[in-house]
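Hello,

Here is the structure I promised to pass on. Have a look at it first, and then read on for what turned up.

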Amino acid sequence: MRTILPSDLSHRDRHQLLLSGVSPRPIAFVTSVDAEGNVNLSPFSFFNAYASNPPIVAIGPAIAAKTGRAKHTWLNILATRECTISAVSHSMVHAMNLTAADYPNEVDEYLKAGFTKRESVKVSPPSVAESPYSMECILMENIELRRDIGGNGNLMLLEVVAFHVAESVMRNERVDPRALDLVGRMGGAYYTRTQDIFEANQPPHIPIGMDGLPEHIRTSSVLTGNDLARLAYIHTLPAVDPAFMHFEEAVMADSLEIELAMFRPKNALYAWLQTGNRSNVTELHRIAQVFIAQGKVEEAWQTLLMQNSE
Ligand SMILES: Cc1cc2nc3c(=O)[nH]c(=O)nc-3n(C[C@H](O)[C@H](O)[C@H](O)COP(=O)(O)O)c2cc1C
């Protein structure tokens, strides 16, 4: 493991190192307007939500390290105290890149990138009509980040005063993340698309935790950290359920390897019982792993507890 102190890096390397670990980041596609009414549209991935009552988000427009130029977005929001933030879907990525160029202030990036303006209801800047999700925001506070030591960052806290969500991304009165198809920014020119979506519900009670797992499970050479954590979600250690390994009638099971490959853990367990070699507990852990992958954590526990009862 390498330990790196920020003070030992150039600004450029520090920037890349920071952003490769704070990743992926959501992208705020910010529309602001200057005092003369010139519209500005620019992406900011120093962006996140910090409160929901009231809804508060923040963006971080930096003062350019090389030129000392302040971002138009920053100046506009300081002057008018308003902006909109549109989410960036995969279909918008390359047009979004067109808006990030260093255009003079009077250039309207909506025209450069071919986006359409949607009128706002609470603030004067419009939002991006092509985006399925946008927010109208009012500036709460701008915090200059260590300007005393030459820092170039800003944190703009923005209160959301209106949301706009496309009907096409609503399912059962909730926003469907698959339909939004948002992108995240990673280090350098890397982006990620939010299509590999999985669920990870938090345990609904105080879990036993990793340190509550029996030694023979915790030190498994088969189960991964995620597998062990899923087992550690439970509230109390389960008791052996004798019915679990009781098979009413002969199961048409193939060999243990085939059953595992076919993701049929219950059949694999039956095959394991037939082998007569019950000292091979590694196989029990492999079977439990398949149960966990299928979300059948109780069955995984019963499988692992057979190690004790053998
Ligand atoms: C995906 C993406 C994310 C960006 N995030 C930031 C950011 O968080 N802070 C920043 O200062 N610049 C960021 N930039 C660069 C600005 O978008 C760029 O400097 C833009 O020209 C600023 O426009 P403005 O001066 O009209 O406000 C980002 C660029 C891209 C493409």
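Helices (H or I, at least four residues) and strands (E, at least two) are DSSP runs, numbered from the N terminus. Please keep in mind that this is a predicted model: local features need pLDDT of at least 70, side-chain atom pairs count only at pLDDT 80 or more, and totals for chains, interfaces and linings use all residues. Residues are numbered from 1 along each chain as its sequence is written.

Let me start with the ligand. β3 gives the most to the shell around the ligand, namely four residues, and both β3 and α2 supply at least two. Of the 17 residues around the ligand (C-beta atom, placed from the backbone, within 6 Å of it), those that come nearest are S42, F46, K71, H72 and T73.

H72 and T73 also appear among the buried residues of helix α2 (residues 72–80), together with W74, N76 and I77. Buried means 20 or more other C-beta atoms within 10 Å of a residue's own, with C-beta atoms placed from the backbone. The cover over these α2 residues includes β2 (28–33), β3 (39–44), β6 (82–86), β9 (133–145) and β10 (153–165). Just after α2, R81 has a positive phi of about 65°.

The domain assignment, automatic or from a database, gives domain 1 (6–193) and domain 2 (210–309). Their centres, taken over C-alpha atoms, are 48 Å apart.

Finally, W301 sits in helix α11 (residues 297–309). W301 counts as buried because it has 21 C-beta neighbours inside 10 Å.

Best wishes

Conventions. A residue is buried if 20 or more other C-beta atoms lie within 10 Å of its own, exposed if 12 or fewer, and partly exposed in between; C-beta atoms are placed from the backbone. Two residues are in contact if their C-beta atoms, placed from the backbone, lie within 7 Å.
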